[in-house]
2 protein chains.
Amino acid sequence: MPPSAAPRPAKRSEPRERLLATASGLFYAEGIGSVGVNRIVSQSGVTLATFYRHFPGKEDLVVAYLRGVHDVVEQRASVLREEHRGADLVRAIGEEVASETGRPGFRGCAFINAASEFEDADSPVRRVVAEHRRWYYKLVRRAFDEAGHGYPGNAARHFLMLRDGAMTAGYLDGPVIARRTFGRGIDGLLRSIGLEPAVPHEDVED
Amino acid sequence: MPPSAAPRPAKRSEPRERLLATASGLFYAEGIGSVGVNRIVSQSGVTLATFYRHFPGKEDLVVAYLRGVHDVVEQRASVLREEHRGADLVRAIGEEVASETGRPGFRGCAFINAASEFEDADSPVRRVVAEHRRWYYKLVRRAFDEAGHGYPGNAARHFLMLRDGAMTAGYLDGPVIARRTFGRGIDGLLRSIGLEPAVPHEDVED
DNA sequence: TACCCAAGAGAGAACGATCGCTCTTGACTT
DNA sequence: AAGTCAAGAGCGATCGTTCTCTCTTGGGTA
């Protein structure tokens, strides 16, 4: 999921915020290992000393970056929970995923990408990733539960697997294929318990 | 690395092979950007000059690494194609995916991980990734076609999305969840056209 | 058989660049 | 007086890459 990297045109912002915003954009767009501290610092209009005054080290910046992405997703989810209920909420979350894959600059899930660069499952970065995934699972599971699904755990796991695949496909196969395939998958998941009307479908090349 | 240097293999293989084998192991286990040429070289018992005598640069080594992984998958697929037909072949490919996620040291899909480190879709590395994914799509699509699926393209896309998700889940959520969820998803995909008998299922926590 | 020589490999120095990070200094706020 | 910031020098390490030099090997020729 891409961070909502809204460029701060404001003349005056806290150095920490600018550092985090710059780092988030670069980390997501180019990968974490490919982006050096010096580049983040200079692109933020901040000095190296200032960076190390706000962050103990680069890893903490990475953790802050992922926490920021999580906060955006969580915020968005809470809005969706207010606007939708039951199966409609599941559909809304799915629509959120689908539209994410179509955003310009989309490069897949920030957490999955980050995890691929950190082999140690006990590292702070991987912990944040695991936390986020657990949170997401619970969110979807609760939605299926409230939708009256008999097996909300299974359904949520199924949903998450499709989501992870959709995020990957959105990056590597294109948003059109990702949206179409993901949409069909979610429809099928809801239809399997009578939560979605059956619709005609046609096969497509590529 | 501590001086516990691995004893030189009695039978000395070609330097190129050793370089590729070492690099493949390190690239997959730790990520491509995290592994330097010097480490690959010294761990291969080969000198820097020898490396650059066989590979124009690191990127070519990465391409060779991914091509090697592809060759293994392709080889395995051709065996499966000989042993299974129709829906059985689909199931066999699915079983292959599931068992992959359970292998010790499993860190997700080598191609997806590599792609996350290379932002330029036109780079040689990304091209190999795209090639592999196209090949895989055609493999599965043909299997569904021969299984008598009315919409083999849709089914193959669905399968691939579940596969990508399963590879991610196998790494980040554990092989047990990945196998179970993926298995259910594939079963549902086959059952939806009467290729799989309906079976009872129960919900699980986590 | 004796010789030569090109090719391949080992060993390692060294290139400029960048890595994450520490430190100092001086100007400007509280 | 204390704290934050810009500016920037500099740390040791590593990055990918190029280089020289020596040793071994195998094959062709005499």
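## Residue classes and the model

In this report, Ala, Val, Leu, Ile, Met, Phe, Trp, Tyr, Cys and Pro count as nonpolar, Asp, Glu, Lys and Arg count as charged, and the others, Gly among them, count as polar. By these classes, the surface near DNA strand D has 8 nonpolar, 7 polar and 2 charged residues. The model described here is predicted.

## The surface near DNA strand D

DNA strand D is surrounded by 17 residues, and the closest are A:Thr50, B:Val37, B:Leu48, B:Tyr52 and B:Lys58. Among the atoms of DNA strand D that come within 4 Å of the protein, sugar and phosphate account for 50%. At least two residues of this surface are supplied by each of three helices: α3 (48-54) of chain A, α2 (37-43) of chain B and α3 (48-54) of chain B. The largest share, 4 residues, comes from α3(A).

Several atoms of the protein lie beside phosphate oxygens of DNA strand D. In the side chain of B:Lys58, an N or O atom is 2.7 Å from a phosphate oxygen of this strand. For the side chain of A:His54, the corresponding distance is 3.0 Å. A:Gly45 takes part through its backbone, with an N or O atom 3.3 Å from a phosphate oxygen of DNA strand D.

## The surface near DNA strand C

DNA strand C is surrounded by 19 residues, of which the closest are A:Val37, A:Leu48, A:Lys58, B:Arg53 and B:His54. Of the atoms of DNA strand C within 4 Å of the protein, 54% belong to sugar or phosphate, and the rest belong to bases. The surface near this strand has 8 nonpolar, 7 polar and 4 charged residues.

Both chains place side-chain N or O atoms beside phosphate oxygens of DNA strand C. The distance is 2.9 Å for B:His54, 3.0 Å for B:Thr50 and 3.1 Å for A:Tyr52. The elements giving two or more residues to this surface are α2 (37-43) and α3 of chain A, together with α1 and α3 of chain B. Here the largest share, 4 residues, comes from α3(B).

## The interface between the chains

In the interface, 44 residues of chain B are in contact with 44 residues of chain A. The size of an interface is often given as the accessible area lost when the parts come together. Between chain B and chain A, the buried area is about 3,900 Å², and carbon and sulfur atoms give 51% of it.

The count of salt bridges between chain B and chain A is 2. In a salt bridge of 2.9 Å, N to O, the side chain of A:Arg133 meets that of B:Asp173. There are also 11 residue pairs in polar contact between the chains, with both residues at pLDDT 80 or more. On the side of chain B that touches chain A, two or more residues come from each of α1 (15-30), α6 (110-116), α7 (124-146), α8 (152-172) and α9 (175-191). The largest share of this side, 14 residues, comes from α8(B). By class, this side has 18 nonpolar, 11 polar and 15 charged residues.

## How the two copies are related

Two copies of a chain are related by a rotation about an axis and a shift along it. A turn of 180 degrees and a shift of 0.0 Å along the axis lay chain B on chain A with an RMSD of 0.0 Å. The two copies are therefore related as by a two-fold rotation axis. Within chain B, the C-alpha nearest the axis belongs to B:Gly165, at 2.1 Å from it.

The interface fits this picture of two copies. Because 100% of the interface residues of chain B are also interface residues in chain A, the copies meet through the same surface.

Note on methods. Residues numbered from 1 in each chain as written. Chains lettered and ligands numbered in written order. Predicted model: local features only at pLDDT ≥ 70, side-chain atom pairs only at ≥ 80, totals over all residues. Heavy atoms only, no water. Near = heavy atom within 4 Å. Polar contact = N/O pair within 3.5 Å; in protein donor to acceptor, adjacent residues only side chain to side chain. Contact = heavy atoms within 4.5 Å. Buried area = accessible area lost by both parts, 1.4 Å probe. Salt bridge = Lys/Arg side-chain N within 4 Å of Asp/Glu carboxyl O. Least-squares fit on C-alpha atoms with pLDDT ≥ 70 in both.
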